Amino acid sequence: MQTKTDPSSGGFSLLGLILWLCGLSVFAAIAVPMFFERSIVTLENGAVLLANDLRAAQNRAAYSGQILFMRFFEDGDGYEVVDRNSKPITDPRTGRPFVRHYSIDGVFEGLRIAELHLQDGRTLVFSQTGETSSGLECLLEFEGDTRQLLAERKTGIVTIEGSTSGFVDDGY
């Protein structure tokens with residue numbers, strides 16, 4: 001006995017699914033950049049990223065038992081974490097080199113480090129135990145808005161003044 005399938009029995013046709021995905025893609029292509037164009041969102045995300053990177057570099061130094069250096073670029077366009085030989089280390093979260101260039105990352109384009117206060121010039125040193133060489137004061141700027149990020153000497157505990165995301169550094 002042969003059964004016939006009814007084409008109107010429901011479900012998605014391949015064409016309908018493709019059209020739905022195309023529409024969703026167009027919406028995302030418009031909505032995501034508009035969301036990140038809001039300066040307060042980009043600024044807060046940039047500050048949280050820097051705070052998380054500080055913690056990741058500190059933990060990497062402690063776990064590996066090696067001295068690491070977080071060097072902030074002169075032009076305020078970002079930073080990198082390197083070893084004693086100035087070779088970028090691998091970001092433990094991504095497996096890629098631990099380098100941030102705001103101008104290259106389209107999400108953070110226009111974000112910059114406007115002011116940086118460190119005891120060691122433009123470099124924060126993490127000891128083999130993860131202690132930081134000095135306190136850090138960093139002012140991030142995006143489209144006229146600013147966000148202050150502070151890191152304590154030795155512990156590296158980070159505070160983002162005026163944080164809108166509720167960021168709290170738990171020290172891990």
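**Exercise 1. A salt bridge between helix 2 and strand 7**

Is Glu44 buried or exposed, and what is its relative accessible area? Determine also how its salt-bridge partner is placed in the chain.

*Solution.* The model under study is a predicted one. Start with the residue itself: Glu44 has a relative accessible area of 3%, and since buried means under 20%, Glu44 is classed as buried. Next, look for the partner, and the side chain of Glu44 is found to meet that of Arg147 in a salt bridge, with an N to O distance of 2.9 Å. Then place both residues: Glu44 belongs to helix 2 (residues 39-64) and Arg147 to strand 7, so this pair ties together parts that lie 103 residues apart in sequence. Finally, examine the partner, for Arg147 is also buried, with a relative accessible area of 5%.

**Exercise 2. A second link to helix 2**

Find the residue whose side chain meets that of Arg55 in a salt bridge, and state where the two partners lie.

*Solution.* The side chain of Arg55 meets that of Asp169, with 2.5 Å from N to O. This pair links distant parts of the chain, because Asp169 is in the segment after strand 8 and Arg55 is in helix 2, 114 residues apart. As for accessibility, Asp169 counts as buried at 13%, and Arg55 is buried at 6%. The structure holds 9 salt bridges, and the pair of Asp169 and Arg55 is one of them.

**Exercise 3. The surroundings of Arg100**

Describe the position of Arg100 in the fold, its salt bridge with Asp91, and the residues that it touches.

*Solution.* Begin with the secondary structure: Arg100 is found in strand 3, where it stands opposite Tyr79. Strand 2 (residues 78-82) and strand 3 run antiparallel and are joined by 3 bridges. Continue with the charged partner: Arg100 forms a salt bridge with Asp91, the closest N and O atoms being 3.6 Å apart, and both Arg100 and Asp91 are buried. Widening the view, Asp53, Asp91, Arg93 and Arg100 are linked in a network of salt bridges. The contacts of Arg100, leaving aside residues up to four places away in sequence, are Leu49, Asp53, Phe73, Asp77, Gly78, Tyr79, Asp91 and Arg93. For a distance across the fold, take the C-alpha atoms of Arg100 and Val81, which are separated by 9.1 Å while the residues are 19 apart along the chain.

**Exercise 4. Two open sheets**

Give the strand order of each open sheet of 4 strands, and identify the strands at the edges.

*Solution.* Take the sheet that contains strand 3: its order is 3-2-1-5, with antiparallel pairing. Strand 3 (99-101) and strand 5 (123-126) stand at its edges, and each has a single partner strand, so one side of each is left without a neighbour in the sheet. From one strand to the next, the twist of this sheet averages 15 degrees.

Turn now to the sheet with the order 4-6-7-8, in which the pairing is antiparallel. Here strand 4 (112-118) and strand 8 are at the edges, each with a single partner strand, so that one side of each has no neighbour in the sheet. The twist in this sheet averages 15 degrees from one strand to the next. As a detail of the pairing, strand 4 and strand 6 are joined in the antiparallel sense over 6 bridges, and the bridge partner of Arg112 in strand 6 is Glu141.

**Exercise 5. Positive phi in two loops**

Which phi values do Glu143 and Lys154 have, and where do these residues lie?

*Solution.* Recall the background: most residues other than glycine have a negative phi. Glu143, although not a glycine, has a positive phi of about 50 degrees, and it lies in the loop between strand 6 (136-142) and strand 7 (145-151). Glu143 is exposed, with a relative accessible area of 58%. Lys154, likewise not a glycine, has a positive phi of about 70 degrees and lies in the loop between strand 7 and strand 8 (158-161). Lys154 is partly exposed, with a relative accessible area of 41%.

**Exercise 6. A nonpolar surface patch**

Name the residues of the nonpolar patch on the surface, and characterise Phe27.

*Solution.* The patch is formed by Phe12, Leu17, Trp20, Leu21, Leu24 and Phe27, which together have about 690 Å² of accessible area. Phe27 lies in helix 1 (residues 14-37) and is exposed, with a relative accessible area of 57%.

Terms used
Residues are numbered from 1 along each chain as its sequence is written. This is a predicted model: local features need pLDDT of at least 70, side-chain atom pairs count only at pLDDT 80 or more; totals for chains, interfaces and linings use all residues. Side-chain values use heavy atoms; hydrogens and water are left out. Buried means under 20% relative accessible area, exposed over 50%, partly exposed in between (1.4 Å probe, protein chains only). Two strands pair if DSSP finds at least two bridges between them. Axes are lines fitted to C-alpha atoms, for helices over the stretch in contact, and angles run from 0 to 180 degrees between N-to-C directions. Patches are made of residues with over 30% relative accessible area and no salt bridge: like charges are joined within 9 Å, nonpolar side chains (Val, Leu, Ile, Met, Phe, Trp, Tyr) within 5 Å. Accessible areas come from the Shrake-Rupley method with a 1.4 Å probe; for residues, only the protein chains shown count as cover. A salt bridge is a side-chain nitrogen of Lys or Arg within 4 Å of a carboxyl oxygen of Asp or Glu. Contact means heavy atoms within 4.5 Å.
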